[in-house]
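Q: I have a structure open and would like to go through it piece by piece. Could we begin with whatever catches the eye along the chain?

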Amino acid sequence: MTMRGVELAVRCDGCGGTAARRVRQFVQERGRRQGQGPRWELWWDSEESCRHCGAACCEHAGPEPTPEAVREVLPTAHGPFRLRPAGASVDAVAALRAFRAFRAFRASPVLQEGDAAVSLGRARELLGEFRDFGLVGTEVEMTVLGLLLRDHGVPAEVSTGRGRAYRYVGPPELWGGGGPGGQPVRTGREFAAWVGERTAAELAEPFTFVVDLSGFLRLVPRRSEHVVCAGGESVLSAGEVRFEPGDGADFGGWTAEEVSNQSTGYCPDVVSWPAVAAALERIGVRRPGGFTYGVVFRRCPGCRGINVVREGCFVCVFCDGDLPARWNVDDGSRVWRGPGAGVSATAVRVGVVRGRTGRVVGSWGTGW
């Protein structure tokens with residue numbers, strides 16, 4: 001069985017003290033079909049206990065779709081996982097049947113379809129993403145989907161990875177088309193040289209950063225556009241970072257005190273954190289265990305507005321339409337595709353949706 005869990009420090013509703021909330025995702029075997037292999041389901045559970053007042057409760061245990069608040073913290077603790085074809089070619093018909101049949105697993109938010117059958121159009125989108133660069137999600141979700149594909153005769157493999165590449169989804173006029181982009185920082189010595197040239201006023205504010213497709217950090221002053229920092233290219237993550245000096249031995253002992261994925265140009269998912277963590281570790285900068293301020297971006301399927309979701313309220317601020325559980329800002333339509341592409345982009349509208357969150361304090365897991 002594959003299982004991954006995280007423990008969060010949250011505020012107790014009863015006494016106001018700090019409580020422990022433990023959430024898990026796991027693969028559950030639900031009997032066997034006649035003449036075939038086992039049936040697998042994606043389950044999640046959540047329980048909470050407070051050592052101050054003794055309150056305890058079980059929020060959920062079962063196969064319903066995993067809430068986004070649970071899904072967000074799992075990749076932060078364990079990293080995102082990618083599901084790719086294991087063979088040189090993919091049987092498209094068999095794969096489409098597998099994607100459409102995912103309702104048998106009560107469908108995780110990876111497919112956004114609840115208990116209903118996945119539409120043929122959505123299944124084709126998943127097939128294209130699966131073949132081109134792989135589907136990305138939590139390890140348990142990718143394991144269950146991989147088992148389903150295997151049962152339909154489509155070999156697939158799950159691997160760790162830094163996640164997807166994010167294309168620029170903002171107004172094309174913000175990219176002037178010139179310049180080399182932000183300062184690449186590939187080693188500790190390069191970071192020491194770069195930070196040594198910064199003034200006290202610059203260091204008092206966060207810097208704009210992107211993680212390029214080579215996994216390196218690129219930095220520019222805060223008020224610079226992320227697309228300029230990236231040189232117009234796709235990124236593994238983007239946001240803002242504030243550095244604090246320390247007394248350590250490694251190039252002054254610098255720490256990334258604050259890190260966010262706040263970028264309305266790229267709107268990266270919170271699961272892009274492993275790419276940021278790897279880039280900071282490469283240059284010897286101490287880092288937190290995840291984004292100190294994680295932004296949840298969603299595009300409204302109805303009005304196309306980009307929303308910033310807060311407090312778990314997945315309702316569009318522009319038209320009151322429902323927002324999907326899965327990251328969907330770049331759905332392949334009306335998106336600027338890079339320098340010289342000649343594709344117009346719609347103006348980006350970003351609204352804030354307010355809706356329980358917590359700080360990750362531990363994680364655990366098991367696997368076959």
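A: Certainly. This is a predicted model. Gly 153, which comes just after helix H4, takes a positive phi of about 85 degrees.

Q: Which glycine just after H3 takes a positive phi?
A: That residue is Gly 134, with a positive phi of about 90 degrees.

Q: Back to H4, then. How many of its residues are buried?
A: In H4, 11 of the 13 residues are buried, and the helix is mostly covered. Among the buried residues are Glu 139, Val 140, Met 142, Gly 146 and Leu 149.

Q: And what length does H4 reach?
A: Helix H4 covers residues 139-151 and reaches 18 Å from its first C-alpha to its last, close to the 18 Å expected at 1.5 Å a residue.

Q: What about the span of H3?
A: Helix H3, residues 120-132, has its end C-alpha atoms 18 Å apart, which agrees with the 18 Å that its 13 residues should span at 1.5 Å a residue.

Q: Which residues of H3 are buried, and what do they pack against?
A: Arg 122, Ala 123, Leu 126, Leu 127, Glu 129 and Phe 130 are buried in H3. The buried residues of this helix pack against S5, helix H2 (92-100), S6, H4 and S7.

Q: Some of those are strands. In what order do S5, S6 and S7 lie in their sheet?
A: The order is S6-S5-S7, in an open sheet of three strands with antiparallel pairing. Strand S6 (135-137) and strand S7 (156-160) each have a single partner strand, so one side of each is left without a neighbour in the sheet. From one strand to the next, the twist averages 25 degrees.

Q: Why is S5 described as largely enclosed?
A: Four of the five residues of S5 are buried, so the rest of the structure largely encloses this strand.

Q: How many bridges does S5 make with each partner?
A: Strand S5 (residues 81-85) pairs with S7 over five bridges, and three bridges join S5 to S6. On the S7 side, Arg 84 has Glu 157 as its bridge partner, and Phe 81 stands opposite Thr 160. On the S6 side, the bridge partner of Leu 83 is Leu 135.

Q: Where do the side chains point in a strand, generally?
A: In a regular strand, the side chains alternate between the two faces of the sheet.

Q: New topic: where does Gly 181 lie?
A: Gly 181 lies in the loop between S7 and strand S8 (183-185). Gly 181 has a relative accessible area of 25%, which makes it partly exposed.

Q: What does Gly 181 touch further along the sequence?
A: Leaving out residues up to four places away in sequence, Gly 181 touches Arg 218, Val 228, Cys 229 and Gly 231. Ala 230 is 49 residues apart from Gly 181 in sequence, yet their C-alpha atoms are 5.3 Å apart in space.

Q: And which sheet does S8 belong to?
A: Strand S8 is part of an open sheet of five strands, in the order S8-S10-S9-S11-S12, with antiparallel pairing. S8 and strand S12 (255-260) stand at the edges, so each has one side without a neighbour in the sheet. The twist averages 35 degrees from one strand to the next.

Q: Which helices lie against that sheet?
A: Helix H5 (residues 188-196) packs on the sheet, touching S8, S9, strand S10 (217-220) and S11, and its direction makes about 140 degrees with that of S8. Helix H8 (residues 273-282) lies across S9, S10, S11 and S12, at about 105 degrees to S9.

Key:
Residues numbered from 1 in each chain as written. Predicted model: local features only at pLDDT ≥ 70, side-chain atom pairs only at ≥ 80, totals over all residues. Heavy atoms only, no water. Pairing = 2+ DSSP bridges. Helix = DSSP H or I, 4+ residues; strand = E, 2+ residues; numbered from the N terminus. Axes fitted to C-alpha atoms, helices over the stretch in contact; angles between N-to-C directions. Expected span 1.5 Å × (residues − 1). Buried < 20%, exposed > 50% of the residue type's maximum accessible area, 1.4 Å probe, protein only. Contact = heavy atoms within 4.5 Å.
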